[in-house]
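Please look through the sequence and the model below, and keep both in view while reading. The paragraphs that follow go from the whole chain to its open and enclosed spaces, and then to single residues.

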Amino acid sequence: MLQTSSMWPSSLFTVMVMVSMTTMDVVVSGLHIELPPNTTVTAILGFGDSIIDPGNNNGMNTLIKCNFLPYGKDFKGGNVPTGRFSNGKIPTDLLAEALGLKEYVPAYLDPNLQSEELLTGVSFASGATGYDPMTSRIASVIPLSDQIGMFQEYIKKLKRLVGEDRANFIIANSIALVVAGSDDIANTYFDTPFRRRDYDVNSYTDLMSNSASSFFQDLYKLGIRRMGVFSAPPIGCVPSQRTIGGGVHRVCAENYNEAAKLFNSKLSSALDTLSTRLPSSRPVYIDIYNPLLDLIQNPSNYGFQVVDRGCCGTGLLEVTILCNQMDNVCSDYTKYIFWDSYHPTEAAYQILIDQFAKKYISSLI
């Protein structure tokens with residue numbers, strides 16, 4: 001695993017809805033997803049960046065980690081920092097809980113990981129990685145190629161645990177969540193000079209989408225059939241990027257957002273292509289851009305009050321090691337969309353995952 005030094009930090013409301021499928025229905029109610037008869041989701045497997053990293057960076061020689069307070073302030077009853085880049089649960093936890101699999105999806109590299117956890121899923125994600133291999137090198141974190149290697153090791157352990165047939169069944173009936181792209185755009189392209197010397201935004205987003213497509217095909221070769229792939233978010237509207245690129249009034253940095261939208265269009269097309277080329281596959285593009293932007297633009301509709309800064313410290317730049325026990329935190333995180341200057345609160349994640357489940361879960365199963 002390549003290690004380099006870096007100074008660049010990483011960057012369900014309750015409504016019952018029936019989603020019609022061919023001969024079956026999915027019921028989503030609050031934090032519970034009821035699957036139709038004879039339909040199984042065996043595990044949640046996470047790949048990508050800090051949005052679904054539950055602590056894989058903890059033991060690494062990188063600045064991109066958060067296994068200290070105030071991270072985890074509201075996790076497991078309070079003040080339990082695990083390496084999750086939020087105050088509480090993250091999307092993989094919320095989806096696994098909604099499916100009735102388990103309450104938390106652990107980090108694959110957790111030194112205390114129990115063998116039985118492998119049966120219902122783990123996360124291989126690493127904060128600050130991206131589709132561009134350079135992104136992980138800048139931040140000294142786990143690239144997607146090494147996450148594939150970790151997954152291969154996981155498969156071997158799973159086969160030893162339950163046998164080859166059962167292991168293959170678990171993998172084929174799992175949901176792999178893939179979240180990446182924001183660190184490529186914010187950190188590697190706009191905040192460092194390394195890629196802008198050789199790429200404009202169009203060619204750089206081509207690089208990202210081509211790398212993403214290769215990664216999805218690698219997952220398929222290893223037995224993954226259901227892939228939920230998050231789009232890039234409106235990265236120019238997260239607090240840190242407002243501070244860096246939004247001028248004196250800290251408006252959304254629209255050049256970041258335009259790059260995200262361009263990448264998302266290419267990512268969506270790539271997934272459509274793969275769905276026709278890979279037999280029995282269900283690669284699903286999950287639009288996070290517009291739901292998160294709606295939270296930011298219409299916060300009162302969702303019970304939020306603060307959209308342009310995080311709950312930790314000033315909320316303008318604090319993230320990872322800059323958000324620490326020396327910082328004060330807001331008194332009520334449920335009023336904030338962002339926990340630090342880059343990552344949403346559990347309250348925001350709950351709304352986004354509820355919307356995701358209602359719109360996309362039927363396509364994944």
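The protein chain in this predicted model is built with 10 helices and 7 strands. A first question about such a chain is how compact it is for its length of 365 residues. Its radius of gyration is 19 Å, which is close to the 21 Å that the globule rule gives for 365 residues, and so the chain is as compact as a globular protein of that length. If you follow the C-alpha trace along its principal axes, you will find that it spans about 55 × 45 × 40 Å.

The surface of the chain can be considered next. Of the 365 residues in the protein chain, 59% are buried. The accessible surface comes to about 14300 Å², and carbon and sulfur atoms account for 50% of that area.

Turn now to the spaces that the protein atoms leave free. The largest pocket, which is an open space, has a volume of about 320 Å³. It is lined by 20 residues, and those closest to its centre are P54, R84, P106, A107 and D110. Sorted by class, this lining consists of 8 nonpolar, 7 polar and 5 charged residues.

A cavity, by contrast, is a space from which a probe cannot get out, and the largest cavity here holds about 220 Å³. Its lining is made of 20 residues, of which I51, P233, I288, L292 and P344 are the closest to the centre. Which helix gives the most to the lining of the largest cavity? That is helix α10, covering residues 346-364, which supplies 3 residues. By class, the lining of the largest cavity has 16 nonpolar, 3 polar and 1 charged residues.

The aromatic side chains are another feature to trace, and a search of the whole structure finds 19 aromatic pairs. One of them joins F47 and F215, whose rings meet edge-to-face, with 5.9 Å from centre to centre and 70° between the planes. Since F47 lies in strand β4 (residues 44-48) and F215 in helix α6 (residues 201-221), the pair ties together parts that are 168 residues apart in sequence. Both F47 and F215 are buried. An aromatic pair is also formed by F68 and Y71, which is edge-to-face as well, with 5.9 Å between the centres and 80° between the planes. Y71 has a relative accessible area of 0%, and because residues under 20% count as buried, Y71 is a buried residue. Aromatic residues can also be joined into a group, and one aromatic cluster is formed by F47, Y108, F124, Y131, F151, Y154, F215, F216 and F263.

Helix α6, where F215 is found, also holds K221. Is K221 buried or exposed? Its relative accessibility is 67%, and because the cut-off for exposed residues is over 50%, K221 counts as exposed. K221 and S203 are separated by 18 residues in sequence, and their C-alpha atoms are 27 Å apart in space. A second pair of residues can be set beside this one: E254 and Q241 are 13 residues apart in sequence and 10.0 Å apart in space, C-alpha to C-alpha. E254 belongs to helix α8, and at 43% relative accessibility it counts as partly exposed.

The last part of the walk concerns the backbone itself. Most residues other than glycine have a negative phi, and most peptide bonds are trans. Against that background, the peptide bond from L69 to P70 is cis, with omega near 10°, and P70 is placed in the loop between β4 and α1 (91-98).

Two residues can be examined for their phi angles. R250, although it is not a glycine, has a positive phi of about 55°, and it sits in the loop between α7 (239-245) and α8 (254-277). With a relative accessible area of 14%, R250 is buried. S280, also a residue other than glycine, has a positive phi near 65°, and its place is in the loop between α8 and β7 (282-286). At 66% relative accessibility, S280 counts as exposed, whereas R250 is buried.

Terms used: Residues numbered from 1 in each chain as written. Heavy atoms only, no water. 1 Å grid on protein atoms, 1.4 Å probe; cavity = no way out; pocket = protein on both sides within 12 Å on 5 of 7 lines; lining within 4 Å. Points joined across faces, edges and corners; volume = space filled by probe spheres on them. Nonpolar A, V, L, I, M, F, W, Y, C, P; charged D, E, K, R; others polar. Helix = DSSP H or I, 4+ residues; strand = E, 2+ residues; numbered from the N terminus. Rg over C-alpha atoms; globule rule 2.2 N^0.38 Å. Buried < 20%, exposed > 50% of the residue type's maximum accessible area, 1.4 Å probe, protein only. Areas by Shrake-Rupley, 256 points an atom, 1.4 Å probe, with all protein chains shown as cover. Phe/Tyr/Trp six-rings, centres within 6.5 Å; stacked < 30°, edge-to-face > 60°.
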